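Dear colleague,

I am passing on to you the structure we spoke of, with the sequence alongside. Below it you will find my notes, arranged by region, for you to read with the coordinates open.

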Amino acid sequence: MPDPEQCIRDSRGRILARLCPNWLNLDEQQALEPVLAALPWQQPEVQIFGKSHPIPRQQCYLGQPGCDYRYSGLLLTPEPIPAAIDALMARLDGGFNAVLVNRYRDGRDRMGWHRDNEPELAPDLAILSLGGTRRLRLRFDPKDSQGVDLDSGSLLWLAPGVYHCLAPTAKPVPERVSLTFRRILPGFHRPCPAAGHGV
Ligand SMILES: O=C(O)CCC(=O)C(=O)O
């Protein structure tokens, strides 16, 4: 049985997220290792103040056909979802149809503050953590953030509209992979048969 959920709240008592420690047991986590190792990882470049920079992590975007996703000027076309990850989606039972998988190779890899509010995306996300423990910061208001340490196997349900970031750390940390399960509006960027567009 997974551990019971813990609520993470800000200083005004608003729920930022719900954490389920040990959502996956050790055997289940280990079974995912070859699946993750075989993903076509990428480190795309984004434009910041007119200059091109590689994102400070690797990523792979998986999803059902037509679930293209745009963020930070990148238009991501989904790779097919491996069966083992599809099974996790079914177990989550959240109507998810896409997963952005992030790989933080060491403590320098990171993700800046953002809130996943793109128009093609439903506002609630689930984040499964594997590998080294990293701290995610969460907030609605500036100067009122809470940190949550995401251990391997834990699942975090993010409340809609919550800003979050994964800061770098100087501590030696093992590689961490996060699977961020998402609901994308199919056909938002390009018509696709699944969305009932075109013939
Ligand atoms: O790696 C994490 O836990 C955070 C990932 C994230 O914020 C995102 O993919 O939008």
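Strands β8 and β15 pair in the antiparallel sense, with seven bridges between them, and one place to find this pairing on screen is Ala 98, which stands opposite Arg 182 of β15. Helix α2 (residues 83–92) packs on the sheet that holds these strands, where it touches β5, β8, β10 (125–131) and β15, and its direction makes about 55° with that of β15. Please keep in mind throughout that this is a predicted model.

The sheet in question is an open one of seven strands, in the order β1-β2-β13-β10-β15-β8-β5, with antiparallel pairing. Its edge strands are β1 (6–9) and β5 (58–63), each of which pairs on one side only, and the twist from one strand to the next averages 20°.

A second open sheet has four strands, in the order β9-β14-β11-β12, and here too the pairing is antiparallel. Strands β9 (111–114) and β12 (146–150) each have a single partner strand and stand at the edges, so one side of each is left without a neighbour in the sheet. In this sheet the twist averages 20° from one strand to the next. The pairing of β9 with β14 is antiparallel and rests on two bridges; in it, His 114 has His 164 of β14 as its bridge partner.

His 164 appears again around the ligand, whose surroundings are made up of Leu 100, Asn 102, Met 111, Asp 116, Ile 127, Leu 136, His 164, Leu 166, Ser 178 and Thr 180. Strands β8 (98–104), β14 (163–166) and β15 (176–182) each supply at least two residues of this shell. By character, the shell divides into five nonpolar residues, four polar ones and one charged residue.

Outside these regions, there is a hairpin that deserves a look. Strand β3 (residues 45–48) runs antiparallel to strand β4 (residues 51–54), and four bridges join the two; Ile 48 stands opposite Lys 51 in β4. Two residues lie between the strands of this hairpin, and Phe 49 takes a positive phi near 50° there.

Gln 47, in strand β3, has 11 C-beta neighbours inside 10 Å and therefore counts as exposed, the limit for that class being 12 or fewer. Leaving aside residues up to four places away in sequence, Gln 47 touches Ser 52 and Gly 73. Gln 47 is also 25 residues from Ser 72 in sequence, with 8.2 Å between their C-alpha atoms.

Ser 72 itself is worth checking, as is one other residue. Most residues other than glycine have a negative phi. Ser 72, however, has a positive phi of about 45° although it is not a glycine; Ser 72 sits in the loop between β6 (69–71) and β7 and, with 12 C-beta neighbours inside 10 Å, counts as exposed. Lys 143 likewise is not a glycine and has a positive phi, of about 65°. The place of Lys 143 is the loop between β11 (134–139) and β12, and because Lys 143 has 6 C-beta neighbours inside 10 Å, this residue too counts as exposed.

On the other side of the loop that holds Ser 72 comes β7, and Leu 76 lies in that strand (residues 74–76). Is Leu 76 buried or exposed? With 21 C-beta neighbours inside 10 Å, and the threshold being 20 or more, Leu 76 counts as buried. Its contacts, not counting residues up to four places away in sequence, are Tyr 61, Asp 68 and Tyr 69. By contrast with these contacts, Cys 7 lies 32 Å from Leu 76, C-alpha to C-alpha, the two being 69 residues apart in sequence.

Finally, helix α1 (residues 26–37) has twelve residues, which at 1.5 Å a residue should span 16 Å, and its end C-alpha atoms are 17 Å apart, which agrees. This helix is hardly covered, since the count of buried residues among its twelve residues is zero.

With best regards

How values were computed:
Residues are numbered from 1 along each chain as its sequence is written. This is a predicted model: local features need pLDDT of at least 70, side-chain atom pairs count only at pLDDT 80 or more; totals for chains, interfaces and linings use all residues. Two residues are in contact if their C-beta atoms, placed from the backbone, lie within 7 Å. The expected span of a helix is 1.5 Å times one less than its number of residues. A residue is near a molecule or strand if its C-beta atom, placed from the backbone, lies within 6 Å of it. Ala, Val, Leu, Ile, Met, Phe, Trp, Tyr, Cys and Pro count as nonpolar, Asp, Glu, Lys and Arg as charged, and the others, Gly among them, as polar. Two strands pair if DSSP finds at least two bridges between them. Axes are lines fitted to C-alpha atoms, for helices over the stretch in contact, and angles run from 0 to 180 degrees between N-to-C directions.
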